[in-house]
Amino acid sequence: MYVANRQDELGVLRIVLEEQYERHSTQLALLDRQARQVRSDGADLEAAAALTAATRRALGDIARALHYLEQGRYGTCKGCDRDIPIEELAHRPSARYCATCRPSPHRRAAHGRTSCDCRS
């Protein structure tokens, strides 16, 4: 599939994110129904609770991404204002930084803040 420009890429990504949102919404509804039916086995409940939490996080990430897409503020690095590659956004819809600017736990601990070295 050929995509002509960044806006076209973001349009395709919007469709993918909307499909993922629907899929996760359906999964969450099924998990909620299953949790109401199965109350006896603690291991099953623990696994279902972990899966439910992960699904809710994914829904939140996708909802935020769709919101920022709607506002025209999605896909730009908060550190250097460059475009975050579409592949990265498709893999991690919650990405707010490019690979160069992405805060690392080591960098945060060493400096007490995040910094970006890619502004030039």
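Ala, Val, Leu, Ile, Met, Phe, Trp, Tyr, Cys and Pro count as nonpolar, Asp, Glu, Lys and Arg as charged, and the others, Gly among them, as polar. The model is predicted, so that local features need pLDDT of at least 70 and side-chain atom pairs count only at pLDDT 80 or more, while totals for chains, interfaces and linings use all residues. Residues are numbered from 1 along each chain as its sequence is written, and side-chain values use heavy atoms, with hydrogens and water left out.

**Exercise 1. Describe the lining of the largest pocket by class.**

Step 1: A pocket is an open set of points on a 1 Å grid over the protein atoms alone, where a 1.4 Å probe fits and protein lies on both sides within 12 Å along at least five of seven lines; its lining residues have an atom within 4 Å of a point.

Step 2: The lining consists of 16 residues, and those nearest the centre of the pocket are Tyr-68, Arg-73, Lys-78, Ala-95 and Arg-96.

Step 3: Sorted by class, the lining holds seven nonpolar, three polar and six charged residues.

**Exercise 2. Find which helix gives the most residues to the largest nonpolar core.**

Step 1: Helices are DSSP runs of H or I with at least four residues, numbered from the N terminus, and the chain has four of them, with zero strands.

Step 2: A nonpolar core is a set of buried Ala, Val, Leu, Ile, Met, Phe, Trp, Tyr and Cys residues joined through side-chain atoms within 4.5 Å, where buried means under 20% relative accessible area, exposed over 50%, and partly exposed in between (1.4 Å probe, protein chains only).

Step 3: The largest core has 16 residues, and among the members that touch the most others are Leu-10, Leu-69 and Tyr-74. Two or more residues come from each of α1 (6-37), α2 (42-71) and α3 (86-91), and α2 gives the most, with four residues.

**Exercise 3. Decide whether Arg-6 and Glu-22 are buried or exposed.**

Step 1: Arg-6 lies in helix α1, and Glu-22 lies in helix α1.

Step 2: Arg-6 has a relative accessible area of 18% and is therefore buried, whereas Glu-22, with 52%, is exposed.

Step 3: For the surroundings of Arg-6, take a contact as heavy atoms within 4.5 Å. Leaving aside neighbours within four places in sequence, Arg-6 is in contact with residues including Gly-75, Asp-83 and Leu-89, and a polar atom of the Arg-6 side chain lies 2.8 Å from the backbone oxygen of Gly-75.

Note on methods: Polar contact = N/O pair within 3.5 Å; in protein donor to acceptor, adjacent residues only side chain to side chain.
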